[in-house]
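User: I would like to go through this model with you before I return to the bench. Could we begin with a single residue and work outwards?

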Amino acid sequence: MKRTHSCGQLRASDIGGEVRLCGWVRSYRDHGGIVFVDLRDRDGITQIVFDPTDSAERHELARQLRAEWVISVGGKVRPRGADRVNPKLPTGEVEVIATDLVVLNKADTVPFDPETAKDVAEETRLKYRYIDMRRPEMTRNLVVRSKIAQAMRRVLDARGFLEVETPFMTRFTPGGARNFLVPSRQHPGTFYALPESPQLFKQILMIGGLDKYYQIARCFRDEDLRADRQMDFTQLDVEMAFVTEQNIMEMTNEVMREVCTAAGKSFPDQPLIMPYKQATDEYGIDRPDLRFEMKLRDVSEIAKASTFKVMTDTLAKGGVVKGLAAPGGAKFTRKEIDAYIAYAGDFGAKGLAWTKLENGQFAGGSAKFFDAAGQAALRERLGANDGDILFMVADEVDAANKALAALRCKLGADLKLYSPDAMAFCWVTEFPLLEFSQQEQTWVSKHHPFTSPRPEDLDKLETDPGAVLARAYDIVLNGVELGGGSIRIHSPEVQARIFKRLGISDEEAKEKFSFLLDALRFGAPPHGGIALGLDRIVMMMVGAESLREVIAFPKTARGICPLTEAPGTVSARQLRELHIAITAKPEKS
RNA sequence: GGGGCCGUAGCUCAAUUGGAUAGAGUACCGGACUGUCGAUCCGGUGGUUACGGGUUCGAACCCCGUCGGCCUCGCCA
């Protein structure tokens, strides 16, 4: 019953050959006499012909065939003839005249047609994922994913990296995302935690002298899901000893170049490297979308001389006024402008000032608050041209950046400021090591507490924590963070200073991280690494709108798997064995 | 935890905005047909309008609640 070819393989050069194909019936066309079947496997489609004059019995069986039945067909490859070629199929020049037909399995009426599943409710697609993935586009996504994973392994293996697995069942360590916990049966009242990343293990591998490590690792984070976030997701995790930031970035460039090649895309020879400050100043965010310009500009000085009270008051309180000029935005209707104001509001903007530049002068909105000199200055500062619309936000600098960054991305998409297949990679570096958490009223790590500060900034750790820059770097594509990493702290003394700065006491550090602190004392080499989000990379490479399109069995926004209906309840006995008592009623039985 | 959009046949959608027996395409079943390729033609089966209340002479449509999906804010060191 073995196949001689896949269903996407046969060409004119195969004419005359005896073949056997296996696959799923995509469609059947019964002409009363002759019967055509389109046979599909993951490689393609081949037309099978059943001729009643060959065998009445086989022809009768062929007439029974229905969509998605699984069959095996033996036959001979023959040309279709010039007027019968199907240009839509790579195999369209040939067909297989069947000499044998075996029904391997029938199929119930399928809940939806795999060919048109793109239009089916996503929940239904996920419930019947095995049908959905017969759809060529879905198959292709998983094929590209596999090719990308192989490309990563190929590059790293060739460069002498070791693939090492780290445990899923590990110890809870504080900080970062909420962990999934696994109760211990053998040790009542204790829990394993699923790792949010293999961070500590890969550092310990470096201390262990493994030198160059990688892993395509699953990570687990119990946070709310989004189009680009799953509770379990995959990272290419890499760590190297005796390296600088440049070494890691070069290695990553090489990996990404091979990944892009595997996906039929291109990667720049030398991706742009942008300091964090420039990214936030000009794009309002640490992951700038460089497919289009439209930079943010600080217009505080100009606004100060205006009569716009909201702006002058904000400036008086130490805030800023920033803005941008959207090319061609003067055509927006009042309704569209209101929608942008509401959109900026979703991202925290209390207001959004606007004015249009038409026929050489400002018109409408907030133009009236600026005198001629002010208007000229705005125009110059924002690089505005006739036909543009100006948007401005007055707020604290972080809030203004956040709202304008979101607005900028929406305007870029709405105004079609870039081509749909544009790919703009860049590195963002020189991140602050720490940021002040208003919520916790303390300094917290921007990346993670094992990130090395720049040596020249070390002295500022106690005096001016916000000014300490980290040896960290993020790689960004089209405004999406593909991954990030850092050079780590390898000195126990520096690590202790960081913990102290973060308000983690010696006792707490000892209790939570003793294994790492111990390891750092036994010959830790300088080391650093990076983690790249595999799911996001595949999503970007295939142009998908959601991570779920590139994950075989993803979960819904509320963390449900429609296929298995996970999570589910367990028996009272299982709970007893785990020493677990349920205090809440389950949502469903 | 908050906000927005959505839920009608297996699937994709409609129902003149509160009006009569909830329709169409597709799938499925039956029939016809020897060159189709989303085959075509004829006929047929198929509905707790997500669920539970309410308003009304009358509800797919309006109101309240619940469940589910998507997007999003918070959250994701």
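Analyst: Glu95 has a relative accessible area of 7%, so this residue counts as buried. Please note that the model is a predicted one.

User: Which residue does Glu95 meet in a salt bridge?

Analyst: The partner of Glu95 is Arg78, with a distance of 2.9 Å from N to O. Arg78 is in strand β4 (residues 70–79) and Glu95 is in strand β5 (residues 94–105), so the salt bridge ties together parts that are 17 residues apart in sequence.

User: And Arg78, is that side buried or partly exposed?

Analyst: Arg78 is partly exposed, because its relative accessibility is 30%.

User: Which residues come nearest to RNA strand B?

Analyst: They are Arg78, Arg84, Glu95, Lys402 and His447, out of 52 residues around the strand. Both members of the salt bridge just discussed, Arg78 and Glu95, are thus in that list.

User: What share of the RNA atoms within 4 Å of the protein belongs to sugar or phosphate?

Analyst: For RNA strand B the share is 56%, and the rest of those atoms belong to bases.

User: Which side chain has an N or O atom 2.9 Å from a base oxygen?

Analyst: That is the side chain of Asn86. Sugar or linking oxygens of RNA strand B are also approached: one is 3.1 Å from an N or O atom in the side chain of Glu123, and one is 3.1 Å from a polar backbone atom of Gly176.

User: Which element gives the most to the surface near the RNA?

Analyst: Strand β1 does, with five residues. The elements that each supply at least two residues to the surface near RNA strand B are β1 (18–30), β2 (35–41) and α2 (122–127).

User: Back to salt bridges. How many are there by the count?

Analyst: The count comes to 46. Several residues are linked in a network of salt bridges: Arg26, Arg29, Asp38, Arg40, Glu68, Glu115 and Arg134.

User: Which residue does Glu254 pair with?

Analyst: Glu254 forms a salt bridge with Arg159, and their closest N and O atoms are 2.4 Å apart. This pair links distant parts of the chain, 95 residues apart: Glu254 belongs to helix α6 (residues 245–262), while Arg159 is in the loop between α4 (136–158) and β6 (162–163).

User: Are those two buried or partly exposed?

Analyst: Glu254 is partly exposed, with a relative accessible area of 34%. Arg159 also counts as partly exposed, at 30% relative accessibility.

User: What about Arg454, which residue is its partner?

Analyst: Arg454 forms a salt bridge with Asp457, the closest N and O atoms being 3.0 Å apart. Arg454 is partly exposed at 23% relative accessible area, whereas Asp457 is buried at 3%.

User: New topic: strand β14. Is it mostly covered or mostly open?

Analyst: Strand β14 (residues 353–358) is mostly covered, with five of its six residues buried.

User: Which strands is β14 joined to?

Analyst: Five bridges join β14 to β16 (residues 388–395), and the two run antiparallel. Three bridges join β14 to β15 (residues 361–363), again antiparallel. As examples of facing residues, Trp354 stands opposite Phe391 in β16, and Leu357 has Phe362 in β15 as its bridge partner.

User: What is there between β14 and β15?

Analyst: The two strands form a hairpin with two residues between them, and Asn359 in this hairpin takes a positive phi near 50°.

User: Next, Leu477. Where is that residue found?

Analyst: Leu477 is found in strand β20 (residues 472–477). Leu477 is buried, with a relative accessible area of 0%.

User: Which residues does Leu477 touch?

Analyst: Leaving aside residues up to four places away in sequence, Leu477 touches Met423, Ala424, Phe425, Leu482 and Met540. Leu477 and Ile148 are 329 residues apart in sequence and 16 Å apart in space, C-alpha to C-alpha.

User: Finally, how is chain A divided into domains?

Analyst: Chain A is divided into domain 1 (12–105), domain 2 (114–266 + 531–589) and domain 3 (292–414). The C-alpha centres of domain 1 and domain 3 are 63 Å apart.

Notes. Residues numbered from 1 in each chain as written. Chains lettered and ligands numbered in written order. Predicted model: local features only at pLDDT ≥ 70, side-chain atom pairs only at ≥ 80, totals over all residues. Heavy atoms only, no water. Buried < 20%, exposed > 50% of the residue type's maximum accessible area, 1.4 Å probe, protein only. Helix = DSSP H or I, 4+ residues; strand = E, 2+ residues; numbered from the N terminus. Pairing = 2+ DSSP bridges. Salt bridge = Lys/Arg side-chain N within 4 Å of Asp/Glu carboxyl O. Domains from an automatic or database assignment. Contact = heavy atoms within 4.5 Å. Near = heavy atom within 4 Å. Polar contact = N/O pair within 3.5 Å; in protein donor to acceptor, adjacent residues only side chain to side chain.
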